[in-house]
Amino acid sequence: MPADLTQSVSISRAPRRLGAILSPRIAYGLAAPSVLLLVLTVMAPIMMMILLSFTSYKFGETGIEWIGIGNYAQLFGDRTFRRALWNTFAYVLMVAPASVLLGLFLAVLIDGLSKGQRFYRLIFFLPVTATVVAMAMVWKYLLHGTIGPFNLLLQSLGLPSLDVFGGRDLALAGLAAINIWSLAGFNMVLFAAGLTAVPEDLYEAAAMDGMDSKFDRFLNVTLPLLGPVTMFVIVTSTITAFKVFDTVAVITHGGPRGATDVLLYTTYLEGFSYFRMGSAAAMTVVFLAIMMVFAWIQARVLDRKVHYR
Amino acid sequence: MNRPHRFRPGQILSHVILLFLAFLFMFPFYVMIVTSVRSPAELFVPEFRWLPESFTGLRYYIQAVADIPALTFLKNGVLISGGILIVQLLTAIPCAYALAKFEFRGRDLLFALVLFSLTVPIQAPALPLFLGLNAIGAIDTYFAAMVPFFLSVFAIFLFRQTFRTYPDEIIQAARLDGMSEWAILWTVVVPGCLPSVAAFSIFSVTAHWNDLYWPMVVIRSNDLMTPPLGLAFFADSESGANYGALMAMATILTAPLMIGFLLAQRHFIRGITMTGVK
């Protein structure tokens, strides 16, 4: 649980000097393989990527030219990139609130049950473990414009059919629906953990204070106590949605006509399809910068969460 | 919160809502399985039927295994996610032990770097890693598919937290018995922290079994494709009408994790959600 992680961060910083009689060389030996990998697969590549973003390097060409902020200037003037950025944010704005609210709704409803809690948790968590690529193909068929079961259902109800991934209007929302489906159960479990931490006597106290309806108690007792968990779930969902890639790569390929171009997919094409490494690196820097902002918010939230408890 | 509200109408209403949502949530799985056992002609009739008119049995499953190398993808999935997990455990556990139980110069810096790296997704170092692997001629190998994940800062972070709560007295006693630090770590400390190791293993295997991005960057040949990559590749190359075979293959490649989840629900839920940080 995230709660474990956060709490132990702030717990007593009293490193006992266990290794007093041992040479710290042992510690270096133990840490060495990880340090080596950390440098080789994380630190050095990130620095190289930042340097690369100031060049015009193309994979396969021998020349490499320093062009300063040229790539960045070009990016923000580029309609495709701006559209990808906009689509990504629009996608996050659909996925994060919906998956958080649905997760909360499920957790609260299940928590109030006297029977069948395990059964429902199992059902709603199942999509979390399913391979996204496989389920993306199922959804593609499910929402297919002519033969998809979803449209056959609409038709049988006398409604006009919807070509979700065929038109520009609904494609992004269709992808968002898949992500909400696969994320709600995850959020549900996080909320469920938060709910079990709400002390029972608080409800009794609230009832004595005259809060008769369940809904009143939910608003005045449960929700405030779930505040920190909620913040945490919002940030994690935002990060997950922001990294959308698989469904785009499998279902829409960024189409129709750019309607589902998102940041990671555009960057992938720029770097590994067109091999324009320089500008792909600049896109990655933008992506990483946004991720760092989220991470900073997350760290702040985690801090608050610890004090709250 | 077990407030007394048995047999209230509220309970029944909750069940009605939840059952309806459960139906919606399960519907894609149902469609996947039913499509894999019905004849293609049925897909083009203008109404959805719940059960197949002509049951094709395991025909598409056999086709997926025989014509499309579904078994190869499964094997690659096992090799790659298994290989990643083993190296992750072998490197992260000693590092976490050092961070948790030793004082040495640079420890705080190392831990700060670990915390920073927690927020860095694979896409950030991807371009230089690709160039580096290309330079040493390693593109399109198992090694290329695994190497960016050999270091799991999440594992270091998690195991450090776990090891810190491990009693120092036991470690001291083992030292007095003359055991080497390496032996203490693997035969005393790690066996005492198995729940963490299990939870991390589930998280790691799930993440890498399902990953599409990195295999898409470095894998070219069919023989080395992981389940998601193989599936995506064949979805594109198939004429598109062969939904039966595609759904059969989707079922085969999703099955291992789903079965694992059904068998060990609690561990799975714990393993996957404990990593909300990632």
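Which residue takes a positive phi just after α9(A)? The answer is Gly210(A), with a phi of about 100 degrees. Before we look around that spot, please keep in mind that this is a predicted model. The predictor gives the complex an ipTM of 0.87 and a pTM of 0.88. For chain B, the pLDDT averages 87, and 94% of the residues score at least 70.

Let us stay for a moment with the helix that comes just before Gly210(A). Helix α9 of chain A spans residues 200-208, and it lies largely in the open because the number of buried residues among its nine is zero.

Next, have a look at Ile110(A), which has its place in helix α4 of chain A, residues 79-111. Is Ile110(A) buried or exposed? Ile110(A) has 21 C-beta neighbours inside 10 Å, and the cut-off for a buried residue is 20 or more, so Ile110(A) counts as buried. Leaving aside neighbours within four places in sequence, Ile110(A) is in contact with Gln117(A), Tyr120(A) and Arg121(A), and also with Leu18(B) from the other chain. Now try a distance on your screen: Gly68(A) is 42 residues from Ile110(A) along the chain, and 56 Å separate their C-alpha atoms.

A second residue to visit in chain A is Gly70(A), found in helix α3, which covers residues 70-77. Gly70(A) has 17 other C-beta atoms within 10 Å, which means that Gly70(A) is partly exposed. Here is another pair to try: Gly70(A) and Val248(A) are 178 residues apart along the chain, and their C-alpha atoms are separated by 28 Å.

The contact with Leu18(B) leads us on to the interface as a whole. How many residues does each chain bring to the contact? Chain A gives 86 residues and chain B gives 80 residues. On the side of chain A that touches chain B, the largest share comes from helix α2 of chain A (residues 25-52), with 17 residues. Sorted by class, that side of chain A has 66 nonpolar, 14 polar and six charged residues.

Let us cross over to chain B. Chain B has 14 helices and zero strands, so to speak a run of α after α when read along the sequence. Its C-alpha atoms fill a box of roughly 75 × 65 × 35 Å along the principal axes. The radius of gyration of chain B is 24 Å, whereas a compact globule of 278 residues would have one near 19 Å. Of the 278 residues in chain B, 45% count as buried. Among the contacts in chain B with a separation of 6 or more, 75% come from residues 24 or more positions apart.

How is chain B divided by its domain assignment? The assignment gives domain 1 (9-62) and domain 2 (67-273). Taken over C-alpha atoms, the centres of these two domains of chain B are separated by 33 Å. Where they meet, domain 1 of chain B provides 10 residues and domain 2 of chain B provides nine residues. On the domain 1 side, α1 (9-35) and α2 (59-66) of chain B each supply at least two residues, and the largest share, three residues, comes from α1(B). That side of domain 1 divides into six nonpolar residues, three polar and one charged.

Methods. Residues numbered from 1 in each chain as written. Chains lettered and ligands numbered in written order. Predicted model: local features only at pLDDT ≥ 70, side-chain atom pairs only at ≥ 80, totals over all residues. Contact = placed C-beta atoms within 7 Å. Helix = DSSP H or I, 4+ residues; strand = E, 2+ residues; numbered from the N terminus. Nonpolar A, V, L, I, M, F, W, Y, C, P; charged D, E, K, R; others polar. Rg over C-alpha atoms; globule rule 2.2 N^0.38 Å. Buried ≥ 20, exposed ≤ 12 C-beta atoms within 10 Å, placed from the backbone. pLDDT = per-residue confidence, 0-100. Domains from an automatic or database assignment.
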